[in-house]
Amino acid sequence: MLELRGVSISFGGLKAVDGVDMDVAEGEIAGLIGPNGAGKTTVFNLITGLYAPNEGAITFRGRVIHGQPPHRITELGIARTFQNIRLFGTASALENVMMARHCRTRSGSLAAIFFTRAFRDEEAQTRARALELLDFVGLADVQGVRAADLPYGLQRRLEIARALATEPQLLLLDEPAAGMNETESEGLMQLIRRIRDELGKTVLLIDHDMRVVMGLCDRITVLNFGRRLAHGRPEEVRSNPDVIEAYLGRE
Ligand SMILES: Nc1ncnc2c1ncn2[C@@H]1O[C@H](COP(=O)(O)OP(=O)(O)OP(=O)(O)O)[C@@H](O)[C@H]1O
Ligand SMILES: [Mg+2]
């Protein structure tokens with residue numbers, strides 16, 4: 001579904017991502033791990049069009065996507081959450097999800113100003129779908145609560161609902177379990193499994209919580225200093241001496 005081939009990007013003198021190959025197959029939960037500063041978030045920024053690679057190619061369902069602007073990549077079916085939560089703090093949970101649906105709606109601002117029939121119908125559909133998604137992530141009860149007033153773990157779920165609202169086929173999650181206690185991350189793992197099993201999404205996930213990564217992922221890619229250090233099934237990666245050294249060497 002997603003292929004990276006020899007992808008590199010430099011910032012100043014630093015090769016943040018250096019010749020990385022990665023594959024994500026349709027229907028899997030894939031993992032991307034590595035020590036701090038290894039280049040994981042930068043890979044997400046490259047996939048989602050925030051950065052264009054200096055070298056290499058990124059294809060999604062056989063189509064070259066590198067160099068495309070972020071909104072186009074969203075339209076093609078890739079959505080993400082951010083390592084640092086990005087929500088409209090003063091808007092309600094429901095409004096946050098409705099706004100995220102913008103890329104899948106057709107009415108323009110003129111239709112909104114004149115409050116046309118088409119606009120009202122679309123608005124009603126947007127609301128209904130947003131409510132469905134809030135329900136799916138377990139936030140139906142707090143739909144009217146301002147995002148900033150939600151506890152941290154629920155803000156992370158709201159971010160996932162916002163990403164799902166763009167109706168992606170591939171969902172990228174950047175440290176969804178960060179800052180969660182064990183019960184919360186357990187619940188999050190269940191949610192991610194349901195996103196794959198019930199919604200049929202493919203998931204690529206970055207996390208430092210090894211219980212989450214090893215427990216969820218079908219395959220894992222390990223980055224270190226911008227390079228791919230290892231890839232394979234969780235048990236292969238976990239017992240790989242290079243991986244063990246990369247993690248121990250930094251702690
Ligand atoms: N826009 C940028 N400008 C300059 N340097 C950058 C930029 N984005 C990332 N970097 C650098 O690239 C390297 C990789 O950063 P990245 O955020 O991808 O790491 P990461 O693996 O996500 O780390 P963490 O686990 O801490 O989130 C770091 O050295 C970072 O400082
Ligand atoms: Mg990161």
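**Ligand 1 and the magnesium ion**

Trainee: How far does a polar side-chain atom of histidine 208 lie from an oxygen atom of ligand 1?

Mentor: This is a predicted model, in which local features need pLDDT of at least 70 and side-chain atom pairs count only at pLDDT 80 or more, while totals for chains, interfaces and linings use all residues, and side-chain values use heavy atoms, leaving out hydrogens and water. Residues are numbered from 1 along each chain as its sequence is written, with chains lettered from A and ligands numbered from 1 in written order. A polar contact with the ligand is a pair of N or O atoms within 3.5 Å, and for histidine 208 and ligand 1 the distance is 2.9 Å.

Trainee: How much of the accessible area of ligand 1 does the protein cover?

Mentor: Accessible areas come from the Shrake-Rupley method with a 1.4 Å probe. Ligand 1 on its own has 640 Å² of such area, and the part that the protein covers is 64%.

Trainee: Which protein atoms are donors of the magnesium ion, ligand 2?

Mentor: Donors are N, O and S atoms within 2.8 Å of the metal (3.2 Å for Na, K and Ca), and sites may look incomplete because water is not among the atoms. Lying 2.0 to 2.2 Å from the ion, the protein donors are Thr41 (OG1) and Gln83 (OE1).

Trainee: How far apart in sequence are the parts that this pair ties together?

Mentor: Helices are DSSP runs of H or I with at least four residues, and strands are runs of E with at least two. Since threonine 41 lies in helix 1, and glutamine 83 in the loop between strand 6 (78-80) and helix 3 (93-100), the parts tied together are separated by 42 residues.

How values were computed:
A polar contact is a pair of N or O atoms within 3.5 Å; within protein, one must be able to donate a hydrogen and the other to accept it, and residues adjacent in sequence count only if both atoms are side-chain atoms.
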